[in-house]
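Me: Could you take a close look at one part of this model for me, the charged patch on the surface, and then set it against a few other spots? Keep it relaxed.

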Amino acid sequence: MINMNDQSSTKKAKGFSRLLNGVEKVGNKLPDPFMLFVYLSVFTIIGSWIISLFGVTTTQPGTGEEIAIKSLISGEGLQYILTSMLENFTGFKPLGLVLAMMLGIGLANKVGLLETAIKSTILKAPKSLITYAVIFVGILGNLASDAAFVIVPPLAAMVFYTLGRHPLAGLAAGFAGVGSGFTANIIIAGTDALLSGISTEVMESLDSNIVVTPVDNWYFMIVSVVVLSVTGALITEKIVEPRLGKYEGEGGTELEESTKLEKRGFRNAVFAALGFIAILIVAIAIPGSALRNEEGGIIPSPFLSGIVPIILLFFITIGVAYGVTVKKITSTRDISGYMGEAMKEMSGFIVLIFAAAQFIAYFDWTNIGTWIAVSGANFLGSINMTGLPVVIGFVFLTALMNMFIFSGSAQWALEAPIFLKMFYLLDYHPAFIQAAYRIADSSTNIITPMNPYIIIVLAFMKEYDKKAGLGTLIALMLPYAVIFLSVWIVLLLAFALLGIPFGPGVGMYIN
């Protein structure tokens with residue numbers, strides 16, 4: 001007897017797979033990523049000129065300052081293009097972050113530490129839990145800020161390849177955890193402090209008795225980590241891996257059993273890691289520590305601001321400890337040599353970043369992104385909807401605007417003055433609206449072209465599939481973005497309707 005439900009499910013699965021194949025096919029017909037960003041830059045230049053002809057302006061939320069769309073086809077625009085080109089490139093934040101991180105990670109990789117670490121830890125874990133662990137680690141990776149985009153996806157790909165699974169599925173799982181799960185965590189992170197600070201500043205002009213603290217979304221985010229870890233693992237195993245099929249490329253290397261020397265090297269690397277962490281804890285714990293803020297806390301603090309250099313030194317420390325033990329580092333020249341090898345592999349990324357940095361800088365300078373964001377926010381506010389439907393509308397609008405403004409704090413600084421005021425008049429708690437913002441902003445991080453780390457993930461992807469393009473990556477990540485957002489909306493509604501606090505004493509409405 002044929003099960004009609006099974007037939008329906010199979011048809012839906014095939015339909016979704018055809019949709020993703022279509023996205024990949026269309027996306028891969030786009031120009032080479034370098035030229036794509038060149039064309040986008042040209043489009044921005046021409047578009048800014050056309051829009052400016054109509055005298056388009058917008059009001060900066062919070063300050064009330066009137067902002068006009070600036071044309072790059074003007075005397076001022078030409079000066080900006082010529083004088084900012086080098087600064088756009090060298091001042092592009094992800095460039096320095098990625099290259100600095102790759103000095104340390106590259107060293108650890110070249111001496112063989114990462115390979116041995118994977119063989120000695122993750123590969124010995126139950127295989128049924130590997131996918132869940134990858135998503136979970138990726139979500140918690142936001143503790144290392146943007147550095148997680150550089151660390152987690154390639155390691156996840158390596159793990160999957162070693163287990164005989166498709167490495168791109170591992171890379172996708174790692175990227176989804178880091179990107180779409182960026183705002184969630186089981187402990188309070190810098191994101192909580194940054195967003196709550198903006199919310200509190202906005203609310204001061206409305207009601208000085210309402211303060212949004214870093215823990216006001218904590219309960220919701222703890223549950224989110226668990227829910228997203230399970231969701232991400234199921235997406236990987238039920239949708240992404242079946243679509244990718246069996247990996248037949250030559251992008252990786254099979255990991256063999258560790259030798260006694262490698263095991264000794266890993267042991268020494270662990271000791272070095274524990275020593276590094278112990279010293280760091282002591283440095284933070286010392287009264288009046290320079291790593292704390294003026295109030296003695298660590299959110300925010302020089303410690304969090306300097307997390308990337310700290311991680312760099314950590315990888316150099318454990319890389320050297322391992323390399324010396326296995327005799328791959330016999331002199332200081334070897335250290336710089338391995339780092340140099342790692343940098344050679346980043347040459348394509350550096351070239352690509354040059355074009356991407358120009359496009360993002362031009363888009364920001366023209367104020368087009370701000371205009372789109374504010375116009376969208378004003379439209380949603382003008383339809384005068386009340387109740388939870390308007391909150392869901394706000395979520396979808398934020399997800400859409402994330403296509404144009406990647407920075408979560410920058411986008412919240414634009415949206416908060418408009419939406420916190422609007423929802424305050426409807427008696428919604430600002431921390432609840434902040435949580436709604438966070439799920440939308442986070443979910444679509446992995447598909448927005450404004451995310452500079454998409455370029456990095458694409459570079460990692462090409463190590464396993466030389467023909468992979470932006471279409472391949474977007475098709476790979478689209479299921480995560482759509483399903484994460486859908487599941488997160490359901491979770492948000494469950495907390496709201498069941499009266500579950502989003503944080504200590506924080507509900508959907510102002511008490």
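Reply: Lys260, Arg264, Arg267 and Lys327 come together on the surface as a patch of positive charge. Bear in mind that this is a predicted model. One member of the patch, Lys260, sits in helix 11, which covers residues 260-285. With a relative accessible area of 72%, Lys260 counts as exposed, because the cut-off for exposed is over 50%.

There's a nonpolar patch on the surface too, about 690 Å² of it, built from Val42, Ile46, Trp49, Ile50, Leu53, Phe54 and Ile73. Take Ile46 from that group: its place is in helix 2, residues 33-53. Ile46 has 41% relative accessibility, so it goes down as partly exposed.

Now for the buried side of things. Asn402 belongs to the loop that runs between helix 17 (388-401) and helix 18 (408-424). Its relative accessible area is 0%, so Asn402 is buried, the limit for that being under 20%. Leaving out residues up to four places away in sequence, Asn402 touches Gln411, Asp441, Thr444, Asn445 and Thr448.

Helix 6, residues 130-140, has its own set of buried residues: Ile130, Thr131, Val134, Ile135, Gly138, Ile139 and Leu140. And what lies over them? The cover for those buried residues includes helix 7 (147-162), helix 8 (167-179) and helix 10 (218-244).

Methods:
Residues numbered from 1 in each chain as written. Predicted model: local features only at pLDDT ≥ 70, side-chain atom pairs only at ≥ 80, totals over all residues. Heavy atoms only, no water. Patch = residues over 30% accessible without salt bridge, like charges linked within 9 Å, V, L, I, M, F, W, Y side chains within 5 Å. Areas by Shrake-Rupley, 256 points an atom, 1.4 Å probe, with all protein chains shown as cover. Salt bridge = Lys/Arg side-chain N within 4 Å of Asp/Glu carboxyl O. Lys, Arg positive; Asp, Glu negative; His and termini not counted. Charge placed at Lys NZ, Arg CZ, Asp CG, Glu CD. Helix = DSSP H or I, 4+ residues; strand = E, 2+ residues; numbered from the N terminus. Buried < 20%, exposed > 50% of the residue type's maximum accessible area, 1.4 Å probe, protein only. Contact = heavy atoms within 4.5 Å.
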